[in-house]
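Dear colleague,

Please find the structure below, and keep it open beside this message while you read. The notes that follow go through it part by part.

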Amino acid sequence: MIAEQFLFQAEGGFIRLPVWGHIALSNPLKHILAHPSFLRLKGIRQLSFSQQVYPGATHTRFEHSIGVYHLMKLILQRMVSNPLAVGLQNGRFRFDDGSCRLLLAASLLHDIGHYPHAHVIEEQIPAGSCGPVFSHHEDLCGRFIFQEQPGFPPIAEILHNEWKVDAKEVIALIEGTSTSGFGKLISGTLDPDKMDYLMRDAHHCNIPYGSIDIERLIESFVPDPERERFAITEKGIAPLESLLFAKYMMMRNVYWHHTGRALSAMLRRLLQAVIDGELLSGQQLESLFYDNADDRVLFELRTMLPQRVSGETLLLDDILQRRVYKRVVTIQPYTKNGMDERWFAYASDNSFCRQKEREICGFLSKRHNMNLSGLEVLIDPPSKKDIFDYNDLRELRVYPTRSEHLHYSLQLSSEYCRFDDFDESVFRSDFILSFERYTKKFRLLCRENIMEKVSESMNGVMEILQS
């Protein structure tokens, strides 16, 4: 049977995981889970600073990665055992032994390149004279897959010898450079990564917004070889709606919570100030973050910085002691006429952002006779990057199976119908755009002890921001 050892056997026992319960283990899987390069994910929290708001949000990339592997296994079990799913595959898009192993490996290792606060840093990567200091976590997966550890073969060797897959193909799939045609199965509207983190994050934050009927959604999956992705049958529409709405609610209440966003902006500004002031080299910062854990990295950074009091050390102490910068301005970057480019420009230009922060601090210092270092006021801009995979959702299709819906296939050149055209859900791709508009915010933050001064000088501050 196709990839039987991975899909249907449990010769290695079970692991018990929150949300999904007992997950069967194969010996090849256990050898990766026990590898030091993979075990390091136990020290990297899934939600970075969110634990400062939701104390239970201490779950890690380790358990998330196992959860994504588990969901991919359930999806592949359907692809190889359901008659409809099997019948829709073709020679170009087929879930054979090799592709099942490849997808399982990529699902398990998709986050192995993560380092402490990676998503926070990636939003606006600090840069020096030689360019960005940090890499995106996807680009670091090869570093850890080929990493040599005392007493252990590299994960790449385990993949080759026990999983029977090429590590370079796994890396290409994770990085989005694969020619295999399975890239959208790892990152897209219906990827198992999204399914796991929405359910897991809601569970650990103990909020009711992440409830999704994952089993029914997976039961609706069918292959869409023409688009090289998964389509759904009618039964998947309702759980897909719950997935999209859960992401919207999680963005509003967890991922874009003002406290977490403020701490994230403080860390990004701190790292940029450290680079600008040449307090540490880019290589030192890379080494500190890439080979460290969340609970240690900021404390170790404190010991590496000069002991004298400076704007940088004060900002780091604020982060460590949870003295969170407060919101003084919140702006909706979308208007009735569309996107206001002024507020998105800050996210794409680090130097411009820093310049405006220094101008505001200089203005406040002069007006109120203060001696600000330039780090007391921070800009937290929204990114242009899609939160809701808008373009991918536009390409999603439904495969009608009920007699009441078969007329769709008679009117189209394909047996599939675009989700937007199926007219069975309000959650069309254009409707999802409104989620983007209500989720993203432009925020100006400042230290709590100067809030009153900033508010008194708001007209001048806004002139600087808009000039």
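**The cavities and their surroundings**

In the lining of the largest cavity there are 6 nonpolar, 3 polar and 4 charged residues. Please bear in mind that this is a predicted model, and that the values below are computed from it. The largest cavity has a volume of about 120 Å³, and its lining is made up of 13 residues, of which Gln-124, Arg-268, Arg-269, Asn-350 and Glu-357 lie nearest its centre. Helix H15 (258-276), helix H20 (350-368) and strand S10 (377-380) each contribute at least two residues to that lining.

Where does the largest cavity lie with respect to domain 1 and domain 2? Since domain 1 (2-256 + 398-418) and domain 2 (269-385 + 438-466) both give residues to its lining, the largest cavity lies between them.

The number of cavities of 30 Å³ or more comes to 4, and the second largest cavity holds about 50 Å³ of space. The second largest cavity is lined by Lys-184, Leu-185, Gly-188, Thr-189, Leu-190, Arg-229, Phe-230 and Asp-392, which divide into 3 nonpolar, 2 polar and 3 charged residues. At least two of these lining residues come from helix H11 (183-186), and at least two from strand S6 (229-232).

**The two domains**

The chain is divided into domain 1 (2-256 + 398-418) and domain 2 (269-385 + 438-466), so that each domain is written as two stretches of sequence. The C-alpha centres of domain 1 and domain 2 are 33 Å apart, and the contact between the domains takes 28 residues from domain 1 and 30 residues from domain 2.

An unreviewed UniProt entry carries the annotation "domain: HD/PDEase" for residues 57-207. Over residues 57-207 the model is 56% helix and 3% strand, with the end C-alpha atoms 11 Å apart.

**Two loop residues and a helix**

Is His-117, which sits in the loop between helix H6 (97-109) and helix H7 (118-122), buried or exposed? His-117 counts as buried because its relative accessibility is 4%, where the cut-off for buried is under 20%. Leaving aside residues up to four places away in sequence, His-117 touches Ser-48, Phe-49, Leu-267, Asp-294, Val-297 and Leu-298. His-117 and Phe-289 are 172 residues apart along the chain, yet their C-alpha atoms are separated by 8.6 Å.

Ser-26, in turn, is found in the loop between strand S2 (21-24) and helix H2 (27-33), and Ser-26 also counts as buried because its relative accessibility is 3%. When residues up to four places away in sequence are not counted, Ser-26 touches Gln-5, Phe-6, Glu-11 and Gly-12. Of these contacts, Glu-11 is 15 residues from Ser-26 in sequence, and the two C-alpha atoms are 5.6 Å apart in space.

Which residues of helix H26 (residues 458-466) are buried? They are Gly-460, Val-461, Met-462, Ile-464 and Leu-465, and what covers them includes strand S7 (326-331), helix H19 (341-348), H20, S10, strand S13 (442-446) and helix H25 (451-456). As you follow this cover in the model, you will meet H20 and S10 again, which each supply at least two residues to the lining of the largest cavity.

With kind regards

Methods
Residues are numbered from 1 along each chain as its sequence is written. This is a predicted model: local features need pLDDT of at least 70, side-chain atom pairs count only at pLDDT 80 or more; totals for chains, interfaces and linings use all residues. Side-chain values use heavy atoms; hydrogens and water are left out. On a 1 Å grid over the protein atoms alone, a cavity is a set of points where a 1.4 Å probe fits but cannot get out, and a pocket is an open set with protein on both sides within 12 Å along at least five of seven lines; lining residues have an atom within 4 Å of a point. Grid points are joined across faces, edges and corners, and a volume is the space filled by probe spheres set on the points. Helices (H or I, at least four residues) and strands (E, at least two) are DSSP runs, numbered from the N terminus. Ala, Val, Leu, Ile, Met, Phe, Trp, Tyr, Cys and Pro count as nonpolar, Asp, Glu, Lys and Arg as charged, and the others, Gly among them, as polar. Domain bounds come from an automatic or database domain assignment. Buried means under 20% relative accessible area, exposed over 50%, partly exposed in between (1.4 Å probe, protein chains only). Contact means heavy atoms within 4.5 Å. UniProt positions are given in the numbering used here, feature names are shortened, and annotations may be inferred rather than shown by experiment.
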